[in-house]
Amino acid sequence: MHGTEAPSAWVQRWTHLIPPHATALDLACGAGRHMRWLKAQGLQVTGVDRSPEAIAACAGLGELICADIENGPWPLPSRQFGAVVVTNYLWRPLLPAVLASLAPGGVLIYETFAQGHETVGRPSRADFLLRPGELLQAFGALRTVAYEDGYLENPARFVQRIAAVRETPHPEAPARHRLQPLSS
């Protein structure tokens, strides 16, 4: 079942941007690998997935919502979170709802498959692969802190990923979105 592996290194790398004690939404949470990670960082977590088995695997982690977000209504109307995490999932009609779910000062951490991935595995349909720069365009209203679009090995995959903040005005000084040094 998706979600039993270790948390994404991208999610781990940018979690420090999330405001302390914030609420976090893990969209298409699977068995909860990111819910577990975010909860361990002291965040209140909400997970959404269409699979009852996945939701059952997340029992005790936080608020759980079993919903078919591709064919049904958005299950979190007018709710906002201090963080929204999405990995290995793309449903373009939801991108505006994802953006609207991010509270002022909140952090979006998104990582999924990109064009080119069809040459190395699944998903292979264009509907599930990001076009070049698509995350930058979809979340252009946010302050992009980090963005990557390329090929990774072990396992072989083409990904696009973004860490971005819904900034709030800081009249005294610019916001400081601390970057993590690259491991050597």
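This report covers the nonpolar cores and the cysteines of a predicted model.

**Nonpolar cores**

The largest nonpolar core has 29 residues, and those that touch the most other members are I69, W74, V84, L108, Y110 and F139. Two or more residues each come from the strands β1 (23-27), β4 (81-87), β5 (102-113) and β7 (157-165), and from the helix α4 (95-100). The helix α4 supplies the largest share of this core, at four residues.

In soluble globular proteins, nonpolar side chains tend to be buried together.

Leaving aside residues up to four places away in sequence, F139 is in contact with L95, V98, L99, L108 and Y110. Two of these partners, L108 and Y110, are also listed with F139 among the residues that touch the most other core members.

Apart from this core there is a second, separate one of 23 residues. Its members include V11, L43, V107 and A146.

**Cysteines**

The number of disulfides in the structure is zero. For C29, the nearest cysteine sulfur belongs to C58 and lies 4.1 Å away. For C58, the nearest cysteine sulfur is in turn that of C29, at 4.1 Å. A disulfide requires sulfur atoms within 2.5 Å, so C29 and C58, at 4.1 Å, are not counted as a pair.

Both residues are buried: the relative accessible area is 3% for C29 and 0% for C58. The values for each cysteine are set out below.

| Cysteine | Nearest cysteine sulfur | Relative accessible area |
|---|---|---|
| C29 | C58, 4.1 Å | 3%, buried |
| C58 | C29, 4.1 Å | 0%, buried |

Conventions. Residues are numbered from 1 along each chain as its sequence is written. This is a predicted model: local features need pLDDT of at least 70, side-chain atom pairs count only at pLDDT 80 or more; totals for chains, interfaces and linings use all residues. Side-chain values use heavy atoms; hydrogens and water are left out. A nonpolar core is a set of buried Ala, Val, Leu, Ile, Met, Phe, Trp, Tyr and Cys residues joined through side-chain atoms within 4.5 Å. Buried means under 20% relative accessible area, exposed over 50%, partly exposed in between (1.4 Å probe, protein chains only). Contact means heavy atoms within 4.5 Å.
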